[in-house]
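Colleague: Please take me through this structure step by step, with the reasoning behind each answer.

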Amino acid sequence: MKITTGRRRLAQSAVALLAGATAIGFLTPATAAAGVDGYAAEVADAAVASVTAKGLTEAQAKQLLNTQEARSTTLNTALGALGDRQAGGFFEADGTPVVNVLDATAAEQVAATGAVAKVVKHSAAQLESAQTALEAVPAVAHTSIGKDATTNQIVVTIADAAQGTDALLAAVGKLGDQVRVQHVAGEMTPAILNGEAITGGGSRCSAGFNTNKGGQNYIVDAGHCTGAVANWDGIGPSVEASFPGNDYGLIQNNSGDAPGAVTLWNGSSQPITSAGNATQGQEICKSGSTTNLTCGSVTATDVTVNYPQGAVDGLIQTSASVNSGDSGGCLFAGSVGVGITSGMGGGSSFFQPVTEALGAYGVTLN
C-alpha cells in the first residue's frame, strides 16, 4: 500500500471537486444531525458508523462524539497538571480519558480531574529517549517509529518493502520492553500521481485548509505537494514547502473563494471553526478527492514515517481510509481541524498536524 498524494482538480468551472476547504463557496453547510453537536449530517452519519463498527450502539456512539471535546479538555488538564509525572494519555474505545502515571500519588491527582489513571512502567522521558535512539539509526525506507500510549511503548513498524533493517532491529533489541516491532504489508511511499485531480503540471493533490494572513488567503497543504508543483490551476502559486522533515506547505489562494469549511462531496460542507491537536483514541474523519469522506480513530501520535524521500516526524496515525490523490486533504473532528493528509501504508493513514503548519506560517483558519 502506498502513502500517496493526490491533486485536486481546481478548474474555475469545477470548484465542487475541491477536497478541502478551498473553493466551496456555493456549497451549503450540511444540517447538523440530531444528537451530534457541531457535526454536519453526513459527517455525523459517517462518524457514528465508524464508532458502531467497534461494537458500540448508535446511542453510545452519539454520546461519545458529543462529549469528545469535553473529554479532551479533561485529559489535557490532567496531563498538564502532572508535568513530567505523566507518561501520555489516550481515549479508551468507549471514550474514557486515561492518563498514564508512574505512582499512586499521581493516580490520585488524575482521579480528581475526572480522568482514569493507569500506572505504567516507563516514563515519558524514557520513551522519548528510546524513540530518539531509534531515530538516530540510519533511516530505513518503509518503516515508522511512533508512540503507543495504550501499551506504554514505542512501536517500530516495518513494511514488507523495507530492506536493510538489521541495524534498526539491533537498536530495538537494546531497549527491551520499551519497544515492540510490528510487521505490515506493502510499502510507505508519498507520491504525486500524474493524471489525477488540485491540478498543476498534470498532477493533483487534495485541497487543505483555507487560511489567511494580512488580508491574503492561503491554502495550507501537504509539503510534498507544494514542493513538487509551482502553480495550481485556478488557485495560485505554491509559496512554501517543507518536506521531508515536515509535510506542510502553503499555496497562495487567488481564486476569490476561501470559505472555512470542508467539502463532503454531496453539495454540503462541514464548517471548521478551530484547530486542535490529536489524541490517541480520538474519533476523526477526513475529506479527500479520491476516497472522499472517511472516518476512523487516531491510533498513534508523534510518529516518524521513513519515506524513500526522507523521514517525516511528528505525524498522526489513523485508521481512516486514504488512497492516491487524497494527500493534502483535511483531517478533522467535527468542527475542529486536526491534520493534513500526508500518506498511507500498512493499513494506516498519516497526517501532518495542522496546528504545527499554522504556527510555522503564521496563518489563521478562515
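Modeller: Helices are DSSP runs of H or I with at least four residues, strands are DSSP runs of E with at least two, and both are numbered from the N terminus. The model under discussion is predicted.

Colleague: In which loop is the place of Pro244?

Modeller: A cis peptide bond joins Phe243 and Pro244, with omega about -5°. In general, most peptide bonds are trans. Strand β13 covers residues 236–242, and the place of Pro244 is in the loop between β13 and β14.

Colleague: How many disulfides does the structure hold, and what is the pairing of the bonded cysteines in sequence order?

Modeller: One disulfide joins Cys205 to Cys225, and another joins Cys285 to Cys295. The structure thus holds two disulfides. When the bonded cysteines are numbered in sequence order, the pairing is 1-2, 3-4.

Colleague: How many residues apart in sequence are the parts that Cys205 and Cys225 tie together?

Modeller: The sulfur atoms of Cys205 and Cys225 are 1.9 Å from each other, and the link is left-handed, with -85° about the S-S bond. Cys205 lies in the loop between β9 (203–204) and β10 (209–213), whereas Cys225 lies in helix α6 (residues 223–226), so the parts tied together are apart in sequence by 20 residues.

Colleague: Is Cys225 buried or exposed?

Modeller: A residue is buried if its relative accessible area is under 20%. Its partner Cys205 has a relative accessible area of 0% and is buried. Cys225 also has 0% relative accessibility, so Cys225 counts as buried.

Colleague: Is the disulfide of Cys285 and Cys295 left-handed or right-handed?

Modeller: The S to S distance between Cys285 and Cys295 is 2.0 Å. Cys285 lies in strand β18 (residues 283–288) and Cys295 in strand β19 (residues 292–307), so this pair ties together parts that are ten residues apart in sequence. Both cysteines, Cys285 and Cys295, are buried. The torsion about their S-S bond is about 95°, so the disulfide is right-handed.

Colleague: Which element gives the most to the largest nonpolar core?

Modeller: The largest nonpolar core has 39 residues. The elements that give two or more residues to this core are α1 (41–52), α2, β11 (216–221), β14 (248–252), β19, β21 (330–333) and α7 (354–361). With five residues, the element that gives the most is α1.

Colleague: Which residues touch the most other members of this core?

Modeller: Leaving aside neighbours within four places in sequence, Val43 is in contact with Leu264, Gln270, Cys285, Leu293, Cys295 and Phe332. These contacts include both cysteines of the right-handed disulfide. The residues of the core that touch the most other members are Val43 and Phe332.

Colleague: At what angle do the axes of helix α2 and helix α3 cross?

Modeller: Helix α2 covers residues 58–82 and helix α3 residues 104–113. The crossing of α2 past α3 is right-handed. Thr74, Ala78, Ala81 and Leu82 of α2 make the contact with Ala106, Gln109, Val110 and Thr113 of α3. The axes come within 9 Å and cross at roughly 145°.

Colleague: How many residues of the contact of α2 with α3 are charged?

Modeller: Asp, Glu, Lys and Arg count as charged. The residues of this contact divide into five nonpolar and three polar. The number of charged residues is none.

Colleague: What is the relative accessible area of Asn152, which has a positive phi?

Modeller: In general, most residues other than glycine have a negative phi. Asn152 has a positive phi near 60° and is found in the loop between β5 and β6 (153–159). Asn152 is buried because its relative accessible area is 5%.

Colleague: What is the value of phi near which His142 is found?

Modeller: His142 is found in the loop between α4 (124–135) and β5 (143–148). At 10% relative accessibility, His142 counts as buried. Its phi is positive, near 70°.

Colleague: In which helix does Thr226 lie?

Modeller: At 5% relative accessibility, Thr226 counts as buried. Not counting residues up to four places away in sequence, the residues that Thr226 touches include Asp221, Trp232, Ser238 and Glu240. Cys225 lies in helix α6, and Thr226 too lies in helix α6.

Technical notes: Residues numbered from 1 in each chain as written. Predicted model: local features only at pLDDT ≥ 70, side-chain atom pairs only at ≥ 80, totals over all residues. Heavy atoms only, no water. Axes fitted to C-alpha atoms, helices over the stretch in contact; angles between N-to-C directions. Left-handed = near helix turned anticlockwise from the far one by under 90°. Contact = heavy atoms within 4.5 Å. Disulfide = S-S within 2.5 Å. Buried < 20%, exposed > 50% of the residue type's maximum accessible area, 1.4 Å probe, protein only. Core = buried A, V, L, I, M, F, W, Y, C linked by side-chain atoms within 4.5 Å.
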